[in-house]
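Good morning, and thank you for coming. Today I would like to walk through one protein structure, step by step.

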Amino acid sequence: MALKGLENNDLKLIIFGGKGGVGKTSCAIATALTLSENFKTLLISTDPAHSVSDCLEQHIGFGVRQVSGHENLSAIEIVADEALSEFKKEHESELKRLLETSTNLDNQDIDELLTLSIPGIDEVMSFKIIIDFIEKGEYDKYVVDTAPTGHALRLISSPALLDEWIKVAARMRWKYRYLITSFSGNYKQDDVDVFLLSLKRTVKRIEAILRDISRCEFIPVLIPEAMAIMETKRLLADLGLSGIVPRQIIINNIMVSEGCGFCHTRKVAQLPYLQEIRSTFNTANVAEVPMFAEEVKGLEALDALKSFLF
Ligand SMILES: Nc1ncnc2c1ncn2[C@@H]1O[C@H](COP(=O)(O)OP(=O)(O)OP(=O)(O)O)[C@@H](O)[C@H]1O
Ligand SMILES: [Mg+2]
């Protein structure tokens, strides 16, 4: 079976997730290459390991770059740290004013606080970049490669995290606003309020697309092994909590060759796991990919993978 429905015009965002090393990057790139035959496609890596460059054998980096030989395909590897410093630089005055007006911190404390990293902020920044791309609407399809499971889940839950942060900031602001209103009688919306409202809109935009099954699809990738199956079950349960139900999954690294004793043993060992996967995820379309003799590296190897996925 092959992947289905990715050509639907409404479908914009396709996210690949799964345990470490199961083939997310390979499948994301093969999908982006295939879609780019008919759609203007942007491949986005949110994985700090940035294996997209390695797999394509072309440097991509934190800037949109056309994939050589593929006019309709561009790629970017998001560097969350850099995205965060750009965001802080762009909104430095609002962030500082928020802290000045809502806390007793002095300037030095505020500067120190702004240099600290906030847990989960990486994923928030990555998703903000993705949503900004989607809203600019330059591409028809956005294919996202994520780092292993925990990261994909943090990415998905990033709007909720950002929302919590905004709520705390809004509560801090509310006290400030109350004071101003008590002393001067009126309060006018300032840059900080505008900034918080725009962040709130970002959260709403991300949540709206993630929960819209016509616009967004999450594709788990797994291999026929016990740990990958367990991790995928947990992934699906957690995705379900965010209202995301994958329509299809990819089983990668299926042993097909029986040519040697080792291959035969591996193939037999995979059989019960394949059966378990097919029965456990029986509501989803299942795309099956064999284990190739060589790694999936370079455009030729990706072509072979494409032929199994599509
Ligand atoms: N079907 C396959 N047959 C043979 N090798 C494969 C297959 N699929 C992927 N590989 C190879 O397995 C390795 C891991 O694949 P890939 O990088 O796509 O996984 P990943 O899930 O993105 O890993 P990570 O969690 O580290 O990001 C790579 O060397 C890739 O070339
Ligand atoms: Mg990867």
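I shall begin with the overall architecture, then turn to the sheet, the core, the ligand and three residues in loops.

Please keep in mind throughout that this is a predicted model. The protein chain contains eleven helices and eight strands. Its C-alpha trace spans about 85 × 40 × 35 Å along the principal axes. Of the 310 residues in the chain, 35% are buried. As for contacts, consider those in the chain with a separation of 6 or more: residues 24 or more positions apart account for 75% of them.

Let us now look at the sheet. In what order do the strands of the open sheet lie? The order is β3-β4-β2-β5-β1-β6-β7-β8, eight strands with mixed pairing. At the edges stand β3 and β8, the latter formed by residues 285–290. Each of these two has a single partner strand, so one side of each is left without a neighbour in the sheet.

I would ask you to find β2, residues 41–45, within that order. On one side, β2 pairs with β4, residues 73–77, in the parallel sense over five bridges. Within this pairing, leucine 43 has alanine 75 of β4 as its bridge partner, and isoleucine 44 is matched with isoleucine 76 of β4. β2 is also joined by five bridges to β5, residues 141–145, and these two strands run parallel as well. Here the partner of leucine 43 is valine 143 in β5. Leucine 43 therefore has a bridge partner in β4 and another in β5.Is β2 buried or exposed? β2 is mostly covered, with five of its five residues buried. In a regular strand, side chains alternate between the two faces of the sheet. In β2, Thr41, Leu43 and Ser45 lie on one side and Leu42 and Ile44 on the other, and all of them are buried.

At the other end of the strand order, β7 and β8 run parallel and are joined by five bridges. One of the pairs here is glutamine 248 with asparagine 285 of β8. How are β7 and β8 connected along the chain? β7, helix α10 (residues 261–280) and β8 make a right-handed β-α-β unit.

I turn next to the interior. The largest nonpolar core has 66 residues. The residues with the most contacts inside this core are Ile29, Leu43, Ile44, Val143, Val144 and Leu222. You will recognise Leu43 and Ile44 from β2. Which element gives the largest share of the core? That element is α1, with seven residues. As for isoleucine 29, its contacts, leaving aside neighbours within four places in sequence, are Leu43, Val52, Cys55, Leu56 and Leu302.

Helix α1 also matters for our next topic, the surroundings of ligand 1. Ligand 1 is surrounded by 20 residues, and the closest are Lys24, Thr25, Ser26, Phe292 and Glu295. Two elements, α1 (24–35) and β7 (248–254), give two or more residues to this shell. The most come from α1, which gives three residues. Sorted by class, the shell has eight nonpolar, eight polar and four charged residues.

Finally, let us consider three residues in loops. Most residues other than glycine have a negative phi. Histidine 50 has a positive phi of about 50 degrees although it is not a glycine. Histidine 50 lies in the loop between β2 and α2. Why does histidine 50 count as buried? The reason is its 20 C-beta neighbours inside 10 Å, because a residue is buried when 20 or more such atoms lie within that distance.

Glutamate 57 also has a positive phi, near 55 degrees, and is likewise a residue other than glycine. Glutamate 57 is found in the loop between α2 and β3. With 12 C-beta neighbours inside 10 Å, glutamate 57 counts as exposed, since the cut-off for an exposed residue is 12 or fewer.

Histidine 59 is placed in the loop between α2 (51–56) and β3 (65–66). Histidine 59 has 11 C-beta neighbours inside 10 Å and so counts as exposed. Histidine 59 and isoleucine 14 are 45 residues apart along the chain, and their C-alpha atoms are separated by 22 Å.

To close, I would return to α1, which gives seven residues to the largest nonpolar core and three to the shell around ligand 1. Thank you for your attention.

Definitions and conventions:
Residues are numbered from 1 along each chain as its sequence is written. Chains are lettered from A and ligands numbered from 1 in the order in which they are written. This is a predicted model: local features need pLDDT of at least 70, side-chain atom pairs count only at pLDDT 80 or more; totals for chains, interfaces and linings use all residues. A residue is near a molecule or strand if its C-beta atom, placed from the backbone, lies within 6 Å of it. Helices (H or I, at least four residues) and strands (E, at least two) are DSSP runs, numbered from the N terminus. Ala, Val, Leu, Ile, Met, Phe, Trp, Tyr, Cys and Pro count as nonpolar, Asp, Glu, Lys and Arg as charged, and the others, Gly among them, as polar. A nonpolar core is a set of buried Ala, Val, Leu, Ile, Met, Phe, Trp, Tyr and Cys residues joined through C-beta atoms within 7 Å. Two residues are in contact if their C-beta atoms, placed from the backbone, lie within 7 Å. Two strands pair if DSSP finds at least two bridges between them. A crossover is right-handed if, with the strands pointing away from the viewer, the path from the first strand over the helix to the second runs clockwise.
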